Amino acid sequence: MAISFDKAFGVHPQAIQLRTERSEVLASNIANADTPGYKAKDFNFSEALSGARHRYTTSLERTNDKHISVSSQMNDGLQFRTPNQPDTGDGNTVDLQAERNEFLQNQVRFNASVQFMTDKISSLKKAIKGGQP
C-alpha cells in the first residue's frame with residue numbers, strides 16, 4: 001500500500017512555504033519602519049493558501065551560449081497595507097507595533113505547522129517500522 005504524502009500532510013507544506021514568505025515581507029516592513037516614503041506590504045494568507053495568488057515567471061530566450069540566462073518572477077498577491085495611523089509626514093505607512101504583532105502571529109502559526117509535520121512524520125516512521133521505536 002502506497003503512502004500518499006499529500007493526504008498525510010494536507011496543506012501544511014504549502015502553509016509553511018507561505019508563512020516563510022510572509023515572514024520575509026513582514027520583516028522587510030519592520031526593517032523599513034524609519035525609511036521615508038516606504039509603504040507597508042502584506043498578502044492575504046487565506047487567498048494565497050487557496051491558490052488565488054498566482055506567480056508569473058518570465059524568461060528571456062537565449063540565442064547564443066554566451067548570453068546570460070535571465071528570468072524574473074512576479075508575485076501578484078503582494079499588496080500595500082491600509083495604514084492604521086495618520087501620515088507621519090514622511091510618507092511611511094509602517095505601524096511598527098502592528099507589524100510586530102503580525103510577525104509574531106505568523107511565527108506561532110508557522111511553528112504549529114512544523115509541529116504538525118514533525119508529529120505526522122514520526123507517526124509514519126512508527127507505522128513503517130511496525131510500532132517499533
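Here's a quick tour of this chain, from its overall layout down to its nonpolar clusters. Keep in mind that you're looking at a predicted model. The chain has 133 residues, and 23% of them count as buried. Its helices and strands come in equal supply, with 4 helices and 4 strands.

**Layout**
- Follow the sequence along and you get the pattern α-α-β-α-β-β-β-α.
- If you take the contacts between residues at least 6 apart in sequence, 67% of them join residues at least 24 apart.

**The annotated stretch**
- UniProt, in an unreviewed entry, marks residues 21-39 as "domain: Flagellar basal body rod protein N-terminal".
- That span is 58% helix and 0% strand, and its end C-alpha atoms sit 18 Å apart.

**Inside: the nonpolar cores**
- The largest nonpolar core has 6 residues: A15, L18, V25, F43, F45 and A48.
- Two elements give two or more residues each to this core, namely α2 (12-31) and α3 (45-49).
- Helix α2 hands over the largest share, with 3 residues.
- Apart from that one there's another core, this time of 5 residues, including A8, F9, I16 and M117.

**Outside: the surface**
- The chain's accessible surface adds up to about 9,600 Å², and carbon and sulfur atoms account for 54% of it.
- On that surface, I3, F5 and I128 form a nonpolar patch, with about 320 Å² of accessible area together.
- One of these patch residues, F5, belongs to helix α1, which covers residues 5-9.

Key:
Residues numbered from 1 in each chain as written. Predicted model: local features only at pLDDT ≥ 70, side-chain atom pairs only at ≥ 80, totals over all residues. Heavy atoms only, no water. UniProt positions renumbered as here; feature names shortened; annotations may be inferred. Buried < 20%, exposed > 50% of the residue type's maximum accessible area, 1.4 Å probe, protein only. Contact = heavy atoms within 4.5 Å. Areas by Shrake-Rupley, 256 points an atom, 1.4 Å probe, with all protein chains shown as cover. Patch = residues over 30% accessible without salt bridge, like charges linked within 9 Å, V, L, I, M, F, W, Y side chains within 5 Å. Salt bridge = Lys/Arg side-chain N within 4 Å of Asp/Glu carboxyl O. Core = buried A, V, L, I, M, F, W, Y, C linked by side-chain atoms within 4.5 Å.
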